[in-house]
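Q: Here is a structure with its sequence. Please explain the labels used for it, and set each value against its cut-off.

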Amino acid sequence: MQKNKQRLSGQTCIVTGANSGIGEAVAVAIGRDGANVVINYVSNPEIAEDIAHKISKDCLCGEAIAIHCDVSQENQVEAMFQKAVNHFGTVDICVPNAGLQRDSPLHEMSLEDWNVVLDVNLTGQFLCAREAIREFLRRGMRPDVSRSLGKIIHMSSVHQIIPWAGHANYAASKGAIVMLMKSICQEYGPHKIRCNSIAPGAIKTPINRDAWKTPEALDELNRLIPYKRIGEPEDIGRVAVWLASDESEYINGTTIFVDGGMTCYPGFTSNG
Ligand code: NAD
């Protein structure tokens, strides 16, 4: 492979929950475009090491390393950023992506299941965004690599606007990401930090296996998608690279829905 200037050359990106599904695809796409990548994981270290190895081998411009961290734990998030800075010098891009579901009817939902989902999906994204901003401010501008001081790309969901019965904790966590993201945009835009979200629709990953594992389930799912196919993790990876690059420099404080049209209420196609 020819070593040439790519859109993210010379930059370093932390992707949380990067040893599975969407996080893995984002990490691979960002690595292919020249950045160093931190593959954050909380379980299955061998998979994280394998992904890091493959990215480092394929992408001659960048290097990938795996770092363990539970994103809901403040001291672990701080330590992950410190390790990344020690290894790569700084962090330029942060993709707080780690997330999980603990589904149940609301009247049966335990406080523990509520807290686990909010701790990972919301507090985890806050902690990572905060550490990223601290590092961007400490490091200062690097006009040779980017016109922005730093970029944060939150992984939200169509459920930031579509209510979801049986998943109130998850929908609440994603609804809150919008205001976290927009508030960061408003507060740190003057420092040339860009903060945006990606809201995936139904993407084929382990988190929603029940929704695509049989042809019947897939047919049912497609009724919710005007474009009539489930999304692939790479659909999200491509958008993340673009959002991280200077090509999207003037995009700030917005959510990009990558959902095949799921948020266009396809249930109303035939007269409602
Ligand atoms: P996934 O289950 O394949 O990946 C989730 C990742 O998060 C895993 O690597 C998991 O280990 C990690 N994780 C969980 N808790 C963690 C913690 N405490 N610390 C660090 N990592 C942790 O699911 P996915 O579909 O790839 O989900 C990634 C993100 O995309 C999530 O935020 C999810 O809400 C969002 N999303 C997914 C879909 C979809 O259809 N797949 C749709 C909308 C939004």
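A: A disulfide is a pair of cysteine sulfur atoms within 2.5 Å. The model is predicted: local features need pLDDT of at least 70, side-chain atom pairs count only at pLDDT 80 or more, and totals for chains, interfaces and linings use all residues. Residues are numbered from 1 along each chain as its sequence is written, and side-chain values use heavy atoms, without hydrogens and water.

Q: Why is the sulfur of cysteine 195 not bonded to that of cysteine 185?
A: Cysteine 185 holds the closest cysteine sulfur, and that sulfur is 7.1 Å away, too far for a bond. The cut-off is 2.5 Å, so the pair is no disulfide.

Q: How many disulfides does a search of the whole structure find?
A: Zero. Cysteine 13 is in no disulfide either: the nearest cysteine sulfur, in cysteine 94, is 7.2 Å away.

Q: What makes cysteine 13 count as buried?
A: Buried means under 20% relative accessible area, exposed means over 50%, and partly exposed is in between (1.4 Å probe, protein chains only). Cysteine 13 has 0% relative accessibility, so it counts as buried. Cysteine 195 is also at 0% and counts as buried.

Q: What makes tryptophan 164 and tyrosine 170 an aromatic pair?
A: Rings of Phe, Tyr and Trp (its six-membered ring) pair if their centres lie within 6.5 Å; planes under 30 degrees apart count as stacked, over 60 as edge-to-face and the rest as tilted. Here the centres are 5.6 Å apart, so the rings pair. The planes are 70° apart, so the pair is edge-to-face. A search of the whole structure finds one aromatic pair.

Q: Why is tryptophan 164 called partly exposed?
A: Its relative accessible area is 29%, which lies between 20% and 50%. Tyrosine 170, at 9%, counts as buried.

Q: How do you know whether the span of helix 2 is close to the one expected?
A: Helices (H or I, at least four residues) and strands (E, at least two) are DSSP runs, numbered from the N terminus. The expected span of a helix is 1.5 Å times one less than its number of residues. Helix 2 (residues 45–58) has 14 residues and an expected span of 20 Å. From first C-alpha to last, helix 2 reaches 20 Å, close to that value.

Q: Why do the buried residues of helix 2 line one face?
A: Ala48, Ile51, Ala52 and Ile55 are buried. Down the axis of helix 2, the buried residues fall within an arc of 100°, so they line one face. The arc is taken over the directions from the helix axis to the C-beta atoms. An α-helix has 3.6 residues a turn, so residues three or four places apart point the same way. On the other side of helix 2, Glu46, His53 and Lys57 are exposed.

Q: What do the buried residues of helix 2 pack against?
A: They pack against helix 1 (21–32), strand 2 (36–41) and strand 3 (64–68).

Q: Why is strand 2 called mostly covered?
A: Six of its six residues are buried. Asn36, Val38 and Asn40 point one way, and Val37, Ile39 and Tyr41 point the other way.

Q: What makes strand 1 and strand 2 a pair?
A: Two strands pair if DSSP finds at least two bridges between them. Strand 1 (residues 12–15) and strand 2 have four bridges, in the parallel sense. That meets the cut-off, so they pair.

Q: Which residue in strand 2 is the bridge partner of isoleucine 14?
A: Valine 38 is the partner. Isoleucine 14 lies in strand 1 and is buried, at 0%.

Q: How do you know what isoleucine 14 is in contact with?
A: Contact means heavy atoms within 4.5 Å. Neighbours within four places in sequence are left aside; the contacts of isoleucine 14 then include Val38, Met80, Phe81 and Cys94.

Q: Why is phenylalanine 136 called buried?
A: Its relative accessible area is 0%, so it falls under the 20% limit. Phenylalanine 136 lies in helix 4 (residues 111–139). Its C-alpha is 6.0 Å from that of leucine 149, 13 residues apart in sequence.

Q: What makes the phi of tyrosine 265 worth a note?
A: Most residues other than glycine have a negative phi. Tyrosine 265 has a positive phi of about 50° and is not a glycine. At 51%, just past the 50% limit, tyrosine 265 counts as exposed. Lysine 228 also has a positive phi, near 60°.
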